[in-house]
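Could you walk me through this model in the viewer, one selection at a time? I would like to know what to pick next and what is there.

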Amino acid sequence: MIYADFNGSSLLNPEVRDYLRTRLVDGPFANPNAIHCLGQQINAAIEKCRRTCAKSLGAQPAQIIFNSGSSEGISHVFFSILNCKSQKKKVIITSSIEHSAVVNAVNYYAEQGYQLETIPVDKNGVLQLDVFKQTIQKHQDNIALVSIMAANNETGVIQPYKDVAAICSAEKIPYFSDTTQFIGKEEFNFEESGIDYAVLSGHKVGALIGSGILLVKKPTQLRPFIFGGGQEKGFRGGTQNYIGIETLAIALKSFDENKSKLVNCKKNREAFEKKVKESFPNVIILGEKANRLASTSLISFPGIHGQGVQIELESEDIFVTTSSACSDNEPTTSKVLKAMGVQDDIGRGVVRISLCLGNDEKSYQEIFNALSHAYQKLGKIENF
Ligand SMILES: Cc1ncc(COP(=O)(O)O)c(C=O)c1O
């Protein structure tokens, strides 16, 4: 079996898996806020994990707020900044390729009266920085929030988040970056990034589903979204998911220790893409010319349905996804690809192959073989 949907949800990091085998059997289990020694032991472990995560992410421990994942972190940031009587600024700037967790938050606040500015991307899926700068100039003193992602989940295209951060910082505009796909796949340093708010989901980095982190440059400015019993210094109530938190620390530390593999990981992906293009000259790699996550390829054979390819690969025990939304069994080009100006014959044909830091030539070879079979078989059928 080859699992190639790490951008959807990553497999458990092997170190996390080994840890959980004994952790779940031996305990301890207790409320980390209890005064007895079991509670205190777990509380101390949470603080140790906070220090480990902070070190790995280039942040201060006080800037780490444990939560349930990115969707919560995104909602929290938007709530904290926008759902506030003292907020007098009225413009939200975002990009045309954000994940629905951001799009839905943005749309909600647009309904509450905020004005939206959506910055386009070029044909490689990269934010148009010149348009971004002009938009900042246009609304200068009226911008409540900038929300622009660090890497796209479908294409893997890395965005100029440091440039955006520098511009926002100069203009004193809060910058939230959806770093869900970036952290754990590329080197990331919160302090150096210049970002004010960033998020991650445990299940994207090899930790447990239901765990996550909100990174906040100035935590004292954050307002709580979940009140609960004052946990996480009152910034995020609710009894802490301490086992999830422990897995976050293990997974992030493991990434740190293995990040030298990124170079090889990218080389393997590039060699794979080259081979696919040599064998099938019609094939298009979306965002080909852009800087992309080391282990993400979004590939299309124009005229062959991505879903058909996905099913063929699955029959060979290889798990990929398409990036197409589907209604009435009629796959459509995703919003992200439309924003890149991708035509339907290409947009409907995509499959996303997303591996991890430990990817190897052998996995790519097997994917290549199965992809070749699928293209040869489906290419004989008139698809659309
Ligand atoms: C870019 C991006 N942002 C946000 C999310 C939401 O993450 P979660 O569903 O773990 O809350 C995802 C998940 O796919 C994502 O890829």
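Start with the ligand and Asp-178: a nitrogen atom of the ligand sits 2.6 Å from an N or O atom in the Asp-178 side chain. Keep in mind as you go that this is a predicted model. Next, add Thr-180, where a polar side-chain atom lies 3.3 Å from a nitrogen atom of the ligand. Then pick Lys-204; here an oxygen atom of the ligand is 2.6 Å from an N or O atom of the side chain. If you switch on a surface, note that the ligand taken alone exposes 390 Å², of which the protein buries 83%.

Now widen the selection to the residues around the ligand: Ser-70, Ser-71, Ile-74, His-99, Met-149, Asn-153, Asp-178, Thr-180, Gln-181, Ser-201, His-203 and Lys-204. Colour them by character and you will find two nonpolar, eight polar and two charged residues in this shell. Which helix gives the largest share of the shell? Show helix H3 (residues 70–82), which supplies three residues.

From here, leave the ligand and turn to the salt bridges. Side chains of opposite charge can pair when their charged atoms come close, and in this model the count comes to 17 salt bridges.

Select Arg-352 and Asp-5 first. Their closest N and O atoms are 3.0 Å apart, forming a salt bridge. Arg-352 belongs to strand S14 (residues 350–354), while Asp-5 is in the loop between strand S1 (2–3) and helix H1 (14–26), so this pair ties together parts that are 347 residues apart in sequence. Are these two buried or exposed? Both Arg-352 and Asp-5 are buried.

Your next stop is Glu-288 with Lys-277, a salt bridge whose closest N and O atoms are 3.1 Å apart. Look for Glu-288 in the loop between strand S9 (284–285) and strand S10 (296–300), and for Lys-277 in helix H9 (residues 262–279); the two are eleven residues apart. Glu-288 counts as partly exposed because its relative accessibility is 31%, and Lys-277, at 28%, is partly exposed too.

Now move to helix H13 (residues 361–378), where Lys-362 and Glu-366 are four residues apart and therefore separated by about one helical turn. The closest N and O atoms of this salt bridge are 3.2 Å apart. Lys-362 has 58% relative accessibility, so it counts as exposed, whereas Glu-366, at 34%, counts as partly exposed.

To finish, select Glu-47, Arg-50 and Glu-232 together: salt bridges with shared partners join them into one network.

Notes: Residues numbered from 1 in each chain as written. Predicted model: local features only at pLDDT ≥ 70, side-chain atom pairs only at ≥ 80, totals over all residues. Heavy atoms only, no water. Near = heavy atom within 4 Å. Polar contact = N/O pair within 3.5 Å; in protein donor to acceptor, adjacent residues only side chain to side chain. Areas by Shrake-Rupley, 256 points an atom, 1.4 Å probe, with all protein chains shown as cover. Nonpolar A, V, L, I, M, F, W, Y, C, P; charged D, E, K, R; others polar. Salt bridge = Lys/Arg side-chain N within 4 Å of Asp/Glu carboxyl O. Buried < 20%, exposed > 50% of the residue type's maximum accessible area, 1.4 Å probe, protein only.
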